[in-house]
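Please walk through this structure with an eye to what lies in its interior and how its strands and helices are arranged around one another.

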Amino acid sequence: MREAQLQQKMVKMMRSLGYIVYKMDPTFQRGVPDLLVLAPGGETTFLEVKTPAGVVSPIQAQHHKQLKQLGFTVAVVRTIDEMLDVLP
């Protein structure tokens with residue numbers, strides 16, 4: 001499955017569970033995580049969706065580090081199960 005297809009499935013599932021999900025715009029800022037997920041109760045999670053063979057680029061890793069330093073949850077997810085494990 002391609003990354004875009006996996007991402008679509010994840011977004012559909014998260015929305016069905018009551019999360020608000022936004023696709024981040026990489027044309028505005030390269031390397032930002034793919035998805036911004038807003039959970040009931042006000043928790044915010046950034047998800048980077050990768051296929052099993054996908055690799056996080058150095059600029060993506062830098063953005064993840066910065067977001068984590070600010071206190072956000074940031075995760076690289078490769079499966080629906082990984083996504084569900086990360087969500088609050």
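**The core and what surrounds it**

In this predicted model, the largest nonpolar core has 15 residues, and those with the most contacts inside it are Met-14, Leu-35, Val-37 and Leu-47. Helix H1 (3–16), strand E2 (35–38), strand E3 (44–49) and strand E4 (73–77) are the elements that give two or more residues to this core, and H1 gives the most, with four residues. As a general matter, nonpolar side chains tend to be buried together in soluble globular proteins.

Leu-35 is a useful place from which to look outward. If residues up to four places away in sequence are not counted, Leu-35 touches Gln-7, Val-11, Met-14, Val-21, Tyr-22, Lys-23, Met-24, Thr-45, Phe-46, Leu-47 and Val-49. One of these contacts, Leu-47, is also the residue that Leu-35 stands opposite in E3.

The pairing of the strands can be followed from E2 in both directions. Strand E1 (residues 20–23) and E2 run antiparallel and are joined by four bridges, with Leu-38 in E2 serving as the bridge partner of Ile-20. E2 and E3 also run antiparallel, and four bridges join them. These two strands, E2 and E3, form a hairpin with five residues between them, and in the turn Gly-41 has a positive phi of about 95 degrees.

Helix H2 (residues 58–69) offers a second view of the packing. H2 has twelve residues and reaches 17 Å from its first C-alpha to its last, close to the 16 Å expected at 1.5 Å a residue. Its buried residues are Gln-60, His-63, His-64 and Leu-67; seen down the axis of H2, they fall within an arc of 100 degrees, so they line one face of the helix. The spacing of such a face follows a general rule: an α-helix has 3.6 residues a turn, so residues three or four places apart point the same way. The buried residues of H2 pack against E3 and E4, whereas Pro-58 and Gln-69, on the other side of H2, are exposed. After H2 comes Gly-71, whose phi is positive, near 100 degrees.

Within H2, what surrounds His-64, leaving aside residues up to four places away in sequence? His-64 touches Pro-33, Glu-48, Val-56, Val-74 and Val-76 when those sequence neighbours are not counted. With a relative accessible area of 7%, His-64 counts as buried, because that value lies under the 20% cut-off.

Key
Residues are numbered from 1 along each chain as its sequence is written. This is a predicted model: local features need pLDDT of at least 70, side-chain atom pairs count only at pLDDT 80 or more; totals for chains, interfaces and linings use all residues. Side-chain values use heavy atoms; hydrogens and water are left out. A nonpolar core is a set of buried Ala, Val, Leu, Ile, Met, Phe, Trp, Tyr and Cys residues joined through side-chain atoms within 4.5 Å. Buried means under 20% relative accessible area, exposed over 50%, partly exposed in between (1.4 Å probe, protein chains only). Contact means heavy atoms within 4.5 Å. The expected span of a helix is 1.5 Å times one less than its number of residues. The arc is that of the directions from the helix axis to the C-beta atoms. Two strands pair if DSSP finds at least two bridges between them.
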